[in-house]
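Trainee: I have a model open and would like to test the labels people put on it. Could you take me through the reasoning behind them?

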Amino acid sequence: MTDTAASSSKGSPASKENPKRGFFGRITLFVRQVIAELRKVVTPTRQELVRFTITVLAFVILMILIVTGLDYVFGTGAVWVFGDSGS
């Protein structure tokens, strides 16, 4: 962690001399840092949420089409190379 990131967090000391923390001290520091990070979270608006959802669904559908096309191409190629084993 950089000095800037370490000093900007409310849960960590600003000085470079970090005292040795015990087990519970490290857990307390971790919980403070988690709470500080959760306060930075911004909830998206409804419009942003709808836009993100549509974007993700469009990307997933595109990936499904690509994988399906590749599966068809490789399957056809395998049948062409090795022949139909049904007879």
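Mentor: Happily! This is a predicted model, and a good place to begin is a nonpolar surface patch of about 1100 Å², made by Val56, Phe59, Val60, Leu62, Met63, Ile64, Ile66, Leu70, Tyr72, Val73 and Phe74.

Trainee: Take Ile64 from that patch: why is Ile64 called partly exposed?

Mentor: Its relative accessibility is 49%. Buried would need a value under 20% and exposed a value over 50%, so Ile64 falls in between and counts as partly exposed. Ile64 sits in helix 3, which covers residues 46–82.

Trainee: How do you know that the length of helix 3 agrees with what it should span?

Mentor: Helix 3 has 37 residues, and at 1.5 Å a residue the expected span is 54 Å. The end C-alpha atoms are 53 Å apart, so the two values agree. Just after helix 3, Gly83 takes a positive phi of about 85°.

Trainee: What pattern does the chain follow along the sequence?

Mentor: The pattern is α-α-α, with three helices and zero strands. Confidence varies along the chain: the mean is lowest in helix 1 (residues 3–8), at 55, and highest in helix 3, at 97. The chain averages a pLDDT of 86, and 76% of the residues score at least 70.

Trainee: What makes the contact between Lys40 and Glu37 a salt bridge?

Mentor: The side chains meet at 3.1 Å, N to O, and the cut-off is 4 Å between a Lys or Arg nitrogen and an Asp or Glu carboxyl oxygen, so the pair qualifies. The structure holds one salt bridge.

Trainee: Why do Lys40 and Glu37 get separate exposure labels?

Mentor: Lys40 has a relative accessible area of 55%, so it is exposed, the cut-off being over 50%. Glu37, at 46%, counts as partly exposed.

Trainee: Why is the pairing of Phe23 and Phe24 called edge-to-face?

Mentor: The structure holds one aromatic pair, and in it Phe23 and Phe24 lie 5.3 Å apart, centre to centre, with 75° between the planes. Ring centres within 6.5 Å make a pair, and planes over 60 degrees apart count as edge-to-face, so both tests are passed. Both Phe23 and Phe24 are exposed.

Trainee: How much of the chain is buried, and how much area is exposed?

Mentor: Buried residues make up 6% of the 87 residues. The chain exposes about 8200 Å², with carbon and sulfur atoms supplying 68% of that area.

Definitions and conventions. Residues are numbered from 1 along each chain as its sequence is written. This is a predicted model: local features need pLDDT of at least 70, side-chain atom pairs count only at pLDDT 80 or more; totals for chains, interfaces and linings use all residues. Side-chain values use heavy atoms; hydrogens and water are left out. Patches are made of residues with over 30% relative accessible area and no salt bridge: like charges are joined within 9 Å, nonpolar side chains (Val, Leu, Ile, Met, Phe, Trp, Tyr) within 5 Å. Accessible areas come from the Shrake-Rupley method with a 1.4 Å probe; for residues, only the protein chains shown count as cover. Helices (H or I, at least four residues) and strands (E, at least two) are DSSP runs, numbered from the N terminus. Buried means under 20% relative accessible area, exposed over 50%, partly exposed in between (1.4 Å probe, protein chains only). pLDDT is the predictor's confidence in each residue, from 0 to 100. Rings of Phe, Tyr and Trp (its six-membered ring) pair if their centres lie within 6.5 Å; planes under 30 degrees apart count as stacked, over 60 as edge-to-face and the rest as tilted. The expected span of a helix is 1.5 Å times one less than its number of residues.
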